[in-house]
Each structure stands twice: as C-alpha cells, then as structure tokens.
Amino acid sequence: MSRIILHVDMDYFYAAIEEREDPSIKDKAVVVCMYSNRGEEGGAVSTCNYIAREAGIHSAMPCRLAKSIKPDAVYLPVRKEFYTEVSDRIMEVLRSYSDGDGELFEKISIDEAFIEITDGAGGDFDTAVRIAKQIKGDVKDMEGLTCSVGIGPNKIIAKMASSRQKPDGITLIRNEDVEDFLMEMPVSKLWGIGNVTEDKLAEMGIETVKDLAGHDVQELIGAFGKSRGAWLKMAASGIDDSPVKEKTASDQIGRMASLTHDTRKSDLVLSLLDELVDDVFRKVRSRSVSFRSVTVTVIYSNFKTVTKSHTLNHPVADKAMLREVSYQIMGELLDSSTLNLRRIGVRVGNLQESKGQKTLAEFF
Ligand code: TTP
Ligand code: CA
C-alpha cells in the first residue's frame, strides 16, 4: 500500500488572520510588517494578502519599499502571539486527522504541517482527497481561514504539491504522476535545496530536477558528501522514505479518538477518556519515561478545538495521577461550554527518562 501524506499550508496566514479580524479591509491590499527597532521605516514585510502580491509586494521586502509601491495598502504590525494561538488551534485539528491517533503528524512551521493518512484513507488517493476537503472545511468553519493542501506518496512530493494551487487549493500527485510532476522543475524548487546547493549544482551543469535525477550518484557524493549526495539523487527521483514525525515528538505522547456520537454526557466522555489514559500510559511505561505536563484536547461538534494543560511540580509516571488530572481538566472543559463533544484527546509532555523517578507517594 502506498503511503499517503498531506501537506497543509495556510494561505497568506498572518494577513488572512488580520482580514478575518477586520472584514472591512478584505478588499484592500493588506501588508503585515515586522517593524524593527529602527521604527516603522526600518521593518520588513512579514507577509501580505494576494491583492498586495499582485502589486509586487512580497515577504522580506523592506516596508518602506512596499509603501512606495502601494501607499494605499493597509499596513499592520505583526501580532505573533495572537497568530500563534490561532496556529495552535489549527494544528490540533490537523493532528486529529493523522494516523496513529495523532502520532504521525509533523508541524513544520507556524502555518504548515504534514499529516500521514495512509491508514485513514485505506491507501486510496481518492479517499485522501475527500479527507483533504474535510480538513479544509474544518479549518474554514473553525477559524474562517483557507489553506492549500498537497497530497502525495511522501513528504517531498506533498510539500511541493501544496504550493501548486494556491490559495484554497488541493493538489493530488499519485505515484504514477510523480515523474511528470518533478521533471521539468528547476532544482531550486525541490524541497530541501537552498541557494548554496543550487549554485553548486549549476556549476556542475545541473539545472532541472531531471538533470539531477539522471546524474551519476558517485559524482554527487563526491561533491556533496555521502548522505547529502545520495539524498539529492533520491529526492530528484521522487523517492523519500522520511517518516512523518514531529521533531519534538519524543517529548510528547498522546492519543485522540472520536466519541461514538456527539455528546457531552460525562459518563460517555469519561469512559472514552479512561481508554485514552490507558493507552497513553501504556506508551509511557513502554518508553520508560515520566511526564510533567498533561494536556486534554476537546473538539466540539462545531469543530471548535480547545486544549487545556496542567503542569505538575515534578515528573511522574503514575497512571492514577494521569487519570485524575485528565478528569479534572475535562471537568473544567465540560463546564466551560454547552456544546456537544466530537473528539477528545489526552497528551503527556515534558518527558524525562524514568530512572530515578519518584513515586507518587513521595510527593504527598
Ligand atoms: P508562508 O507560508 O511562507 O507565507 P504565507 O502563509 O503568508 O503565504 P502563502 O499563501 O504563500 O503560504 O509563511 C507563513 C507565515 O510566516 C506568514 O504569514 C508570515 C510569516 N513569514 C514571515 O514573518 N517572514 C517571511 O519572510 C515569511 C516567508 C513568512
Ligand atoms: Ca502559508
């Protein structure tokens, strides 16, 4: 069965959030600026909406230049903390779609993530497209924002596919389409190739992905070293076995699951919570770690997602403690809304090797 990976990239993320917050600016050019300590004139463009892009404005352009190109655009300062809160909620929803109950998920920036759905889609790319549409619908309903999704048999292809149709697009590249998709691209478009590699490849007469795929691997290894040289050859051939795995995944263990139907009845919710606690704790024990934070996630029937965490004074590896804290947080979440719940999740974090770990009794 082919792997199926989605890459989700939010459209003009910071500027889209600003448009959502103030719909009166929606039909104007919107430019979000990162002002430096040299004041408004010294900053660079963080991002801008598509109307501003049509005028030639882009990320990293000096704000002063943007203002000279389009004085009538709306210029706003970056509100990073606010965008991070929006991002956190979106990432929880994206994570909830991944195989392994949230484990095969990889956030790669504030507005991009990989989601492996090989099992979720039963290895079928048409089903994957349906799931991608559902994800886009969830994000739209929940946050009023659009995203673009790339679907492919590996991370490199999915990542490159998502930028093919932007904004609000879905691009599917099946195994049999990979060669055509890659071949005529300049090497600079291959994910993972920066300016330095591009220049070095150009010196070797390699300009397109096709040139690179056809190049002698030993020569690439000679120029770039063993692992990078071999990687270049593989990537250009559309082969990428790298797993979807969060860089910080080793610091978290979690599980999510759907309720059999949307409900807020505490006996139903808590019985599923018990199952999740059992599973999470089994993994905690098998990895011989202790944890300091417990996070409970709730996705309501309208897809609104809320997460709440509790940090313990010391790391523990105690199932009773995990259940107690999870129950407590879930109780608070149930009290804070009258909506029915659709999915719930439990996650432990701040993991440490368990050796030398204290027992619960030592804390009280
Ligand atoms: P991107 O995904 O690169 O851009 P984008 O989401 O604004 O637009 P697109 O529709 O093309 O995906 O970056 C995500 C956010 O990161 C972006 O909204 C603002 C921030 N960012 C910067 O602050 N500086 C930069 O140079 C870039 C490229 C992005
Ligand atoms: Ca983006």
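**Exercise 1. Work out where Met 256 sits and which residues it touches, leaving aside neighbours within four places in sequence.**

Step 1: Start with the contacts, where contact means heavy atoms within 4.5 Å. Leaving aside neighbours within four places in sequence, Met 256 is in contact with Glu 92, Ser 96, Asp 101, Leu 276, Thr 297, Ile 299, Arg 343, Ile 344 and Gly 345.

Step 2: Place the residue. Met 256 belongs to strand β9, residues 252-263. Strands (E, at least two residues) and helices (H or I, at least four) are DSSP runs, numbered from the N terminus.

Step 3: Check the accessibility. Met 256 counts as buried because its relative accessibility is 4%. Buried means under 20% relative accessible area, exposed means over 50%, and partly exposed is in between (1.4 Å probe, protein chains only).

Step 4: Pick one partner and compare sequence with space. Met 256 and Gly 345 are 89 residues apart in sequence, yet their C-alpha atoms are 3.9 Å apart.

A quick word on the ground rules: this is a predicted model, in which local features need pLDDT of at least 70 and side-chain atom pairs count only at pLDDT 80 or more, while totals for chains, interfaces and linings use all residues. Residues are numbered from 1 along each chain as its sequence is written, chains are lettered from A and ligands numbered from 1 in the order in which they are written, and side-chain values use heavy atoms, with hydrogens and water left out.

**Exercise 2. Describe the surroundings of ligand 1: which residues come nearest, and which elements give two or more residues to the shell?**

Step 1: Find the neighbours. There are 15 residues around ligand 1, and Tyr 12, Ser 46, Thr 47, Tyr 50 and Arg 53 come nearest. To be near, a residue needs one of its heavy atoms within 4 Å of the molecule or strand.

Step 2: Sort the shell by type. You get 6 nonpolar, 3 polar and 6 charged residues. Here Ala, Val, Leu, Ile, Met, Phe, Trp, Tyr, Cys and Pro count as nonpolar, Asp, Glu, Lys and Arg as charged, and the others, Gly among them, as polar.

Step 3: Look at N or O atoms in side chains. An oxygen atom of ligand 1 is 2.6 Å from such an atom of Ser 46. For Arg 53 the distance from a ligand oxygen is 2.8 Å, and for Asp 9 it is 3.4 Å.

Step 4: See how much is covered. On its own, ligand 1 has 560 Å² of accessible area, and the protein covers 71% of that. Accessible areas come from the Shrake-Rupley method with a 1.4 Å probe; for residues, only the protein chains shown count as cover.

Step 5: Name the elements. Those giving two or more residues to the shell are β1 (5-10), α1 (13-21), β3 (39-48) and α2 (50-54).

**Exercise 3. Decide which residues of helix α12 are buried and which are exposed.**

Step 1: List the buried ones. In α12, residues 226-236, these are Gly 229, Leu 232, Ala 235 and Ala 236.

Step 2: Ask how they are arranged. They cover an arc of only 135° around the axis, so they are on the same side of α12. The arc is that of the directions from the helix axis to the C-beta atoms. An α-helix has 3.6 residues a turn, so residues three or four places apart point the same way.

Step 3: Turn to the other side of α12. There, Lys 226 and Ser 227 are exposed.

Step 4: Find the cover. The buried residues of α12 are covered by elements including α7 (155-162), α8 (178-183), α9 (195-203), α10 (209-213) and α11 (217-224).

**Exercise 4. Find what is unusual in the backbone at Tyr 12, Asn 350 and Pro 167.**

Step 1: Recall the background. Most residues other than glycine have a negative phi, and most peptide bonds are trans.

Step 2: Take Tyr 12. Its phi is positive, near 25°. Tyr 12 lies in the loop between β1 and α1, and is buried at 15% relative accessible area.

Step 3: Take Asn 350. Its phi is positive too, near 50°. Asn 350 lies in the loop between β12 (341-349) and β13 (352-353), and counts as partly exposed at 34% relative accessibility.

Step 4: Take Pro 167. The peptide bond from Lys 166 to Pro 167 is cis, with omega near -5°. Pro 167 is in the loop between α7 and β8 (170-172).

Terms used: A polar contact is a pair of N or O atoms within 3.5 Å; within protein, one must be able to donate a hydrogen and the other to accept it, and residues adjacent in sequence count only if both atoms are side-chain atoms.
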